[in-house]
Amino acid sequence: MARLRNFFGGPGGDQIRPGAVAAVAAIAFALWALSGLYLVQPNEQAVVTTFGSYSRSAGPGLNYRLPSPIERVEKVPVTSLNRIDIGGADGADVPEESLMLTGDENIVDLDFSVTWRVADAARYIFTIRDPEESVKAVAESAMREVVGRRDLESILTRGRGEVQAQAAELMQQTLDSWGAGVNVVEVQIRNANPPAEVVDAFREVANAGQDAESAVNEANTYRNRVINEAKGDAARITQAGEAYREQAVREATGEASRFDQIYAEYRSAPAVTRERLYIETMQRVLQNSNKVIVDSDGASAPIILPPDVFRPRTGAPATTATPAETGSAAPGARSSQ
């Protein structure tokens with residue numbers, strides 16, 4: 001205490017030294033000036049205000065502002081994802097949020113979630129007073145508008161993806177028009193059903209639709225199978241016709257060539273060629289037929305042959321028809337096969 005009194009007081013201890021006051025003031029001012037240092041995390045964006053008015057934004061890292069009350073800083077997470085559930089969550093249904101009127105004048109019980117993040121910290125702070133409630137109101141309004149333009153069946157079945165995309169786009173347009181500094185990441189429909197009073201009837205309709213689709217698929221499968229079989233048969237017939245055409249052309253070409261050769265031989269030796277053609281023709285005619293040879297020398301009565309002579313007898317040797325067999329006096333009649 002004595003040292004402190006000696007530091008502040010004069011030689012007699014009854015007066016304050018001017019240098020001591022200046023030192024204290026300098027220390028206080030240094031501490032006040034150093035209070036303007038602040039650290040912004042990687043997932044944050046800082047908004048600096050001067051006497052309550054927006055001054056600038058600062059990114060991650062160590063930054064400086066004028067000490068209070070001149071400038072103040074507010075840090076906003078800009079990379080964190082925020083989620084809002086509309087229509088109820090964890091089994092708690094909120095009918096005033098989930099019941100919506102469709103374009104075909106039906107009612108759908110629809111629960112969905114919105115994922116969003118801050119895109120511009122300054123606009124986020126200064127444009128909207130309650131960001132979460134504002135985003136929720138915009139999401140519910142956008143979803144009701146999209147649902148009101150579509151029929152119930154598409155919302156319950158294959159049109160959910162389009163409803164989600166259109167609702168997210170409409171939400172983003174509305175928030176951008178406000179300058180809210182919010183980016184809509186995703187809109188996801190968690191549950192979409194008709195009201196509980198008519199859910200059984202809608203399930204029957206859905207089952208009937210599935211049965212109809214199954215029947216259509218079976219018909220398409222049968223059609224494809226029949227078409228493929230018909231195409232295979234057509235290809236096979238076409239190939240057979242082409243093969244027959246090629247065979248007929250080649251046979252006709254061979255016959256024409258053979259005729260030309262025979263004609264050339266006939267011109268050089270007509271008599272010999274006629275005889276050879278006659279012999280070859282008779283050979284072809286008689287080689288597979290029953291033959292009867294009759295020697296009519298000394299015969300005076302008509303020759304009558306038994307019917308068995310003309311029946312095919314494969315491999316049987318030639319026989320001679322005697323008068324007893326023929327019932328006449330023709331001893332020179334013979335038959336062969």
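## Salt bridges, a charged patch and a buried glycine

Glu 280 forms a salt bridge with Arg 276, with the closest N and O atoms 3.1 Å apart; the term salt bridge denotes a side-chain nitrogen of Lys or Arg within 4 Å of a carboxyl oxygen of Asp or Glu. The model is predicted: local features need pLDDT of at least 70 and side-chain atom pairs count only at pLDDT 80 or more, while totals for chains, interfaces and linings use all residues. Residues are numbered from 1 along each chain as its sequence is written, and side-chain values use heavy atoms, leaving out hydrogens and water.

Both Glu 280 and Arg 276 belong to helix α9 (residues 270-286), where they are four residues apart, about one turn of the helix. Helices (H or I, at least four residues) and strands (E, at least two) are DSSP runs, numbered from the N terminus. By the rule stated above, the count comes to 10 salt bridges. Three of the pairs are listed here.

| Salt bridge | N to O distance |
|---|---|
| Glu 280 and Arg 276 | 3.1 Å |
| Arg 83 and Asp 85 | 2.9 Å |
| Arg 150 and Glu 162 | 2.9 Å |

The pair of Arg 150 and Glu 162 links distant parts of the chain, 12 residues apart: Arg 150 is in the loop between α5 (131-147) and α6 (152-156), and Glu 162 is in helix α7 (residues 160-178).

Accessibility is described by three words: buried (under 20% relative accessible area), exposed (over 50%) and partly exposed (in between), with a 1.4 Å probe and protein chains only. Arg 150 is buried at 16%, whereas Glu 162 is partly exposed at 46%. Arg 83 is exposed at 53%, and its partner Asp 85 is partly exposed at 29%. In helix α9, Glu 280 is partly exposed at 26%, and Arg 276 is partly exposed at 36%. Salt bridges that share partners join Arg 83, Asp 85 and Arg 190 into one network.

A patch of negative charge on the surface gathers Asp 104, Glu 105, Asp 151 and Glu 153. In such patches, residues have over 30% relative accessible area and no salt bridge, and like charges are joined within 9 Å. Asp 104 lies in the loop between β9 (99-101) and β10 (107-118) and is partly exposed at 34%.

Gly 36, in the loop between α2 (18-34) and β1 (37-40), is buried because its relative accessible area is 0%. Leaving aside neighbours within four places in sequence, Gly 36 is in contact (heavy atoms within 4.5 Å) with Asn 63, Tyr 64, Arg 65 and Pro 67.

Conventions. Patch = residues over 30% accessible without salt bridge, like charges linked within 9 Å, V, L, I, M, F, W, Y side chains within 5 Å. Areas by Shrake-Rupley, 256 points an atom, 1.4 Å probe, with all protein chains shown as cover. Lys, Arg positive; Asp, Glu negative; His and termini not counted. Charge placed at Lys NZ, Arg CZ, Asp CG, Glu CD.
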